[in-house]
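Please find below some notes on the model, set out as numbered points. They cover a sheet, a helix pair and a loop residue.

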Amino acid sequence: MAFSKIPVLDLSLARDERTKPAFLKDLQDAVLHVGFFYITNTGIDQVLFDQVCEEGIRFFDLPEEEKLAIEMKNANSFLGYSRLGNEITASQADWREQYDLSTPHPVPTPEAPRYHCLLAPNQWPSPTLLPGFRPLFETYLAQMSALSTSFTSLLAESVGLPANAFDSFFDKSQQHKLKIVKYPDSGPGAGQGVGPHKDSMLTSYLLQATPHRGLQAQNLAGEWIDCPPLRGSLVVALGQGLEALTSGVCRATTHRVISPPAGQGARYSLPFFQGVSYDAKFEAMDVPESVRKLKQAGNRRDDVEFTFVKGRWNHLGEATLMNRVRSHPDVGERWFPDLLAQVKAA
């Protein structure tokens, strides 16, 4: 049956052995039938949530030349600032500007696979103009990394897998990413804040920084269901990596963002994306038949291509790099012209 509302799960129940079984049952229902849900009582202090929202909004008030000094196309890592309307989703420009950063990583060695370019240092804004920005977001990334890792264990348990079922797909120093996003309420591209898409990795955790509506998830009937802001919560979206690893049991859910109505001001959000080893091969996971039987029957009515088709890619990193080139053709043009040519020819 197609879902008609977004579930809300209280994560504090998972920390008590007396209430954990009921939590896992509710989580299984959300995973199997929705793939998109809120978590509350996350364990992250509301003060930190408020601070990263406020500092993230301040980033977009920087002078244009300061933002362009850390523009994404300056490096081949796909980290940095993207101008308004510069990212492509569902073959259309997204009416948003954004800043991408990740957990800390050194520049990859020359002999590393090509897709290891995605593992690189961040381009940080000026510490003179935003002195608290870097330490604040490094703290937030660290706490979100820990939260996503522990929550992945709960996801595994909820569908009958061992708590450590996904551990082998993480690097020792696993990369996770964060976007800080501004969706203007006006302009020639207003309408598609971000087009229909499924997130790539295992899970993502969205912090909605302003009270604007606009986030929507698509149910199996093709209907769009609102996901309004809920203070103190994170919105969890299951990714295509999780769907691939579980042989389709945990379905990635298509979602989008509609621009705010004119006159309501910009919408801001901070999605955190849990990473998986770029060297992972998704064919490697053995999903027990008891878990496969949980897979929901029926076809989804959406137009979003599934990224991790078996046999198409040798490693997750290859698929991820191609997706980044497709989404950011300006970076592809400068650093990956051969891959961009493949995208245009497809």
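**Notes on the predicted model**

1. β10 and β13 form an antiparallel pair with 3 bridges between them. Within this pairing, Q216 has R256 of β13 as its bridge partner. The model is a predicted one, and the remarks that follow should be read in that light.

2. The pair belongs to an open sheet of 4 strands, ordered β8-β13-β10-β11, in which the pairing is antiparallel. β8 (192-197) and β11 (224-226) are at the edges and have a single partner strand each, so one side of each lacks a neighbour in the sheet. On average, neighbouring strands of this sheet are turned by 30° against each other, with direction ignored.

3. The two edge strands are joined to the sheet as follows. β8 pairs with β13 in the antiparallel sense over 3 bridges, and Q192 is found opposite I258 of β13. On the other side, β10 (residues 215-218) pairs with β11, again antiparallel and over 3 bridges. There, A217 has I225 in β11 as its bridge partner.

4. Which side chains of β13 are buried, and which are not? In this strand (residues 255-258) the side chains alternate: H255 and V257 point to one face and are buried, whereas R256 and I258 point to the other and are not. R256 is the residue already named as the bridge partner of Q216, and I258 is the one opposite Q192.

5. Helix α2 (residues 46-59) packs against helix α4 (residues 133-158) at an angle of about 130°, and their axes are 10 Å apart. This angle makes α2 oblique to α4. The crossing of the two helices is left-handed.

6. On the α2 side, the contact is made by L48, F49, Q51, V52, E55, G56 and F59. On the α4 side, the residues are F133, L136, F137, T139, Y140 and Q143. Sorted by type, the residues of this contact comprise 8 nonpolar, 4 polar and 1 charged.

7. Is V249 buried or exposed? The residue sits in the loop between α5 (240-245) and β13. V249 counts as buried because its relative accessibility is 1%, and the cut-off for buried is under 20%.

8. The surroundings of V249 include residues from elsewhere in the chain. Leaving aside residues up to four places away in sequence, V249 touches L32, V159, V291, R292, L294 and K295. For one of these, K295, the C-alpha atom is separated from that of V249 by 4.3 Å, although the two residues are 46 residues apart along the chain.

Technical notes: Residues numbered from 1 in each chain as written. Predicted model: local features only at pLDDT ≥ 70, side-chain atom pairs only at ≥ 80, totals over all residues. Heavy atoms only, no water. Pairing = 2+ DSSP bridges. Axes fitted to C-alpha atoms, helices over the stretch in contact; angles between N-to-C directions. Buried < 20%, exposed > 50% of the residue type's maximum accessible area, 1.4 Å probe, protein only. Parallel < 35°, antiparallel > 145°, perpendicular 65-115°, else oblique. Left-handed = near helix turned anticlockwise from the far one by under 90°. Contact = heavy atoms within 4.5 Å. Nonpolar A, V, L, I, M, F, W, Y, C, P; charged D, E, K, R; others polar.
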